[in-house]
Every structure is written in structure tokens, then in C-alpha cells.
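Open the model in a viewer and keep the selection panel at hand. The stops below say what to select next and what is there.

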Amino acid sequence: MNSVQGLLAASVISIQNSCFIYPACQNCFSRLILDSRRFNCLKCGCTGEAKDASYRYRLSLKIADTNDLFDITVFGSCLDPFFGVTAENLQRYIQDFNQLSGETSTESSARALVQAVETCFIGKRFIFGV
């Protein structure tokens, strides 16, 4: 990986993923494998109870500056100010909403979240650290 770091001012063209939160290993930040009771990290071998899994943001974007298009992924707590809560709290809110609404499908809440994220990001200009 190139160690050169810089800033890129660019506009968001599209959101590339519809799942913005993932269960993350507390040791290596890799995606956890969850079942109903346990979690397992395939990268470092960390295990635990599913209820204790932590969550992180992962937002994949297509962005454009004045000359080029880029695919980038933004991870972690730098997205907290945009969502207004930590990924862990947002995951809890989504679970609580789905439980309270009584819906067996989580499609409507997922669709509403995607629409909100698209409204907040698409067409807006940001400075990205790369």
C-alpha cells in the first residue's frame, strides 16, 4: 500500500452498498461471523457471545472530483457525526424498531435507511483523507 497521504475534495455520485453497519472484531476490525448465540472472527480467531458483538460503519461510495471517478470506502467512527450516533447505537435502534413494529421482514427499515443515507450524501461535496 502506498504510504502517501493526502486530501481529496470530491462529490458523492452514488452509494455502493446498502448495509452501512457491520459486526466488527474488537481486535482486528474484520467482519464477524454471527449466529444466533456466538460470534467468530475468521481473521484473528476471536470469539464471544453474539449479544456482545460490536458494530462499525462501512460506507462505500463512488465519488468524483473535477477530473476523475473514484471508489472509496469510509470506515469507523468518522461517520458518527453524519449518522448522529455510533454504529453500535444505530444497530440497536434498528433492532428495537424492527421488534416494536412487529414486522418479520427488515426490508422496510433497511430501505428507509438507504434512502436517508442517499439524501444526506449524494450530490454533496466532502474532503476525503486518502
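Start with the largest pocket of this predicted model. Select Cys 19, Gln 91, Ile 94, Ala 110 and Leu 113: of the 15 residues in the lining, these lie nearest the centre of the pocket. Then colour β2 (21-24), α2 (87-101) and α3 (107-121), the elements that give two or more residues each to this lining. The volume of the largest pocket is about 240 Å³. Coloured by class, its lining shows 10 nonpolar and five polar residues, and no charged ones.

Move on to the second largest pocket, with a volume of about 200 Å³. Its lining has 14 residues, and those to select for the centre are Val 74, Cys 78, Ile 127, Phe 128 and Gly 129, the closest to it. Next show β6 (54-64), β7 (69-75) and β8 (125-129), each of which supplies at least two lining residues. Which of these strands gives the largest share of the lining? β8 does, with four residues. By class, the lining of the second largest pocket consists of 12 nonpolar and two polar residues, and again charged residues are absent.

Keep Phe 128 selected and add Leu 61. These two have the most contacts inside the largest nonpolar core, a set of 30 residues. To see where the core comes from, display β1 (7-15), β6, β7, α2, α3 and β8, each with at least two residues in it. β6 provides the largest share of this core, five residues. In soluble globular proteins, nonpolar side chains tend to be buried together.

Now centre on Leu 61 and show its contacts beyond four places in sequence. They are Val 12, Ser 14, Ile 15, Gln 16, Phe 70, Asp 71, Ile 72, Val 74 and Phe 128. Val 74 and Phe 128 in that list also belong to the residues closest to the centre of the second largest pocket.

Leave the core and select β3 (33-34), β4 (38-40) and β5 (47-49). These three strands make an open sheet in the order β3-β4-β5, with antiparallel pairing. β3 and β5 are the edge strands; each has a single partner, so one side of each has no neighbour in the sheet. Zoom in on β3 and β4, which run antiparallel and are joined by two bridges. For one residue pair to pick out, take Leu 34, whose bridge partner in β4 is Phe 39.

Arg 37 is the next residue to select, in the loop between β3 and β4. Is Arg 37 buried or exposed? Its relative accessibility is 67%, so Arg 37 counts as exposed. Leaving aside residues up to four places away in sequence, Arg 37 touches Gly 48, Glu 49 and Ala 50. Draw a distance from Arg 37 to Glu 49: the C-alpha atoms are 5.8 Å apart, although the two residues are separated by 12 residues in sequence.

Finish at Ser 30, in the loop between β2 and β3. Ser 30 has a relative accessible area of 18% and is therefore buried, the cut-off being under 20%. Show what surrounds Ser 30: beyond four places in sequence, Ser 30 touches Tyr 22, Pro 23, Ala 24, Cys 25, Cys 41 and Lys 43.

Definitions and conventions
Residues are numbered from 1 along each chain as its sequence is written. This is a predicted model: local features need pLDDT of at least 70, side-chain atom pairs count only at pLDDT 80 or more; totals for chains, interfaces and linings use all residues. Side-chain values use heavy atoms; hydrogens and water are left out. Buried means under 20% relative accessible area, exposed over 50%, partly exposed in between (1.4 Å probe, protein chains only). Contact means heavy atoms within 4.5 Å. Two strands pair if DSSP finds at least two bridges between them. On a 1 Å grid over the protein atoms alone, a cavity is a set of points where a 1.4 Å probe fits but cannot get out, and a pocket is an open set with protein on both sides within 12 Å along at least five of seven lines; lining residues have an atom within 4 Å of a point. Grid points are joined across faces, edges and corners, and a volume is the space filled by probe spheres set on the points. Ala, Val, Leu, Ile, Met, Phe, Trp, Tyr, Cys and Pro count as nonpolar, Asp, Glu, Lys and Arg as charged, and the others, Gly among them, as polar. A nonpolar core is a set of buried Ala, Val, Leu, Ile, Met, Phe, Trp, Tyr and Cys residues joined through side-chain atoms within 4.5 Å.
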